[in-house]
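You asked for some quick notes on this one before you dig in. Here they are, in no strict order of priority.

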Amino acid sequence: MTVAAARRIALAAQGFAATRPSAAPTRRTVLRVLDNTRLLQLDSVSAVVRAHYAPVFSRIGAYDRDLLDEIAWADTARRPRQLIEYWAHEAALLPVEDWPLMRWRMVEYRHGRWNGMRQVAQRNPALMDDVLSVLKEFGPSSAGEVERHLELDRPRAKGDWGWNYSDTKVVCEALFASGDLTVPKRVGFQRYYDITERVIPADVLTRQLDEPDAIRELVRRAASAHGIATETDLRDYYRLKRHHTEPAIADLLETGELEQVSVQGWDKPAYLHTEARTPRRISGAALLCPFDPLIFFRARTERLFDFHYRIEIYTPEHKRVHGYYVFPFLLDGELVARVDLRADRATGRLLVPGAFAEPGHDDARVAAELATALREMANWLELDTIEVGERGDLAIPLAAVLKSHPQP
């Protein structure tokens, strides 16, 4: 098949072929996004909006972020928790029922994700039991609150990025990685830990799957979320390894759930999910945050869209090509531009320091559609104005459109 057909399949699988709701999105509408993406990556950067909120906005437009908060963090008899946090594609929100699919990874992480955990255990062998005892007594707590309960709250120097963790934080993270603790809530994006048995429903917690069965199911979910994908694409979605994915793909080919196909210009076989749709066309516009599931695997983004994309958060400012926090702009099924964005909440401004057009498109139309998308984002974030800087070849036409059609 052509790359254009593969692109339409991929976009449909991620929910971009669906008609946006005409009324205010509901909880059910938000959950339908999760049916397509299967996960939402979490990230601490809040230059515009937290990463897990943005993909929902990209697919259904302006929605009440409290809906996603309730789905992820609230847990009542009437509305039980729908999402849980774990290491899927990096830190991510995923359906609670997927918890057993990650248990093999929890076994791999039984000593934590970092080598530093072993050093902490050697230095303070009783700390793990102490942390568990505090959480059993006091319930959901941040690492800092656990430290205070243990009277271990001591000042410490921070590293260049503020990532130097105390021993208590390292232990909490290790217990989270091993599945002994989970995160029932976040406050100011700070993790609050609790004993897993208090958070995950018993019928989910006790469900047992062999590692090959769990990985096959993860590959099945990744295939559904991709529509069409190479082995490396399927591997990346849940950060699996080749020795995981290859047997799972073989099984899914044998059962007829996947079909091997070739895509023009791709140097690897592709696997088409048998339930994937191939729309005749994709229409509409969307701003995609750097951690959107459609584009977070950069090699796939380049293969599907001929769009070279790298996040430049950790690149020194003078070496950045496009900016600190850049959103690709999707228009009618193609990535046609990218914009560096900031939300200045104190002054109510959506800042656009740079706007860059991709070659081969009508820049005037791209600027007009991008202006509309930026206005929608600004309204969603409750920002009053949009200010465009001078960087990029699309900055002047974009600013002109916004000036000629100011926000009401």
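Below are my numbered points on helix packing, sheets, pockets and cavities.

1. First, a reminder: what you're looking at is a predicted model. Please read everything below in that light.

2. Let's start with the chain ends of the helix numbering I looked at. Helix α1 covers residues 3-13 and helix α14 covers residues 298-305, and the two pack with their axes 9 Å apart. The angle between them is about 130°, so α1 and α14 count as oblique to each other.

3. Who touches whom in that pair? On the α1 side you'll find Val3, Ala6, Arg7, Ala10 and Leu11, and they meet Arg300, Arg303, Leu304 and Phe305 of α14. Sorted by class, the contact of α1 with α14 has six nonpolar residues, three charged ones and no polar ones.

4. Now for another helix pair, α7 (residues 127-138) with α9 (residues 167-177). Their axes lie 10 Å apart and make an angle of about 75°. Angles of 65 to 115 degrees count as roughly perpendicular, and α7 and α9 are therefore roughly perpendicular to each other.

5. The contact between these two helices is easy to pick out on screen. From α7 come Leu127, Met128, Val131 and Leu132, while α9 brings Asp167, Thr168, Val171, Cys172 and Leu175. Seven of the residues in this contact of α7 with α9 are nonpolar, one is polar and one is charged.

6. Helix α9 turns up again when you look for enclosed space. The structure has three cavities of 30 Å³ or more, and the largest cavity holds about 50 Å³. Its lining is made by Trp87, Gly112, Arg113, Trp114, Met117, Val170, Glu173, Ala174 and Ala177. Which helix gives the largest share of that lining? Helix α9 does, with four residues. By class, the lining of the largest cavity splits into six nonpolar, two charged and one polar.

7. On to the sheets. One is an open sheet of three strands, ordered β1-β3-β2, with antiparallel pairing. Its edge strands are β1 (40-41) and β2 (83-88), each of which pairs on one side only. Strand β3 (residues 90-95) is joined to β2 by six bridges. If you want a spot to zoom in on, tyrosine 86 has alanine 92 in β3 as its bridge partner.

8. Another open sheet, also of three strands, has the order β6-β8-β7 and antiparallel pairing. Here the edges are β6 (228-229) and β7 (258-261), and each pairs on one side only. Four bridges link β7 with strand β8 (residues 270-273) in the antiparallel sense, and alanine 270 in β8 is the bridge partner of valine 261. Helix α11 (residues 211-226) packs on this sheet and touches β6, β7 and β8, with its direction at about 85° to that of β8.

9. Last, a pocket worth a look. The second largest pocket has a volume of about 250 Å³. Among the residues lining this pocket are Ala12, Ala13, Asp35, Asn36, Ser224, His273, Glu275 and Arg277. Helices α1 and α2 (27-37) each supply at least two residues of the lining. What classes make up the lining of the second largest pocket? There are five polar, four nonpolar and three charged residues.

How values were computed:
Residues numbered from 1 in each chain as written. Predicted model: local features only at pLDDT ≥ 70, side-chain atom pairs only at ≥ 80, totals over all residues. Heavy atoms only, no water. Axes fitted to C-alpha atoms, helices over the stretch in contact; angles between N-to-C directions. Parallel < 35°, antiparallel > 145°, perpendicular 65-115°, else oblique. Contact = heavy atoms within 4.5 Å. Nonpolar A, V, L, I, M, F, W, Y, C, P; charged D, E, K, R; others polar. 1 Å grid on protein atoms, 1.4 Å probe; cavity = no way out; pocket = protein on both sides within 12 Å on 5 of 7 lines; lining within 4 Å. Points joined across faces, edges and corners; volume = space filled by probe spheres on them. Pairing = 2+ DSSP bridges.
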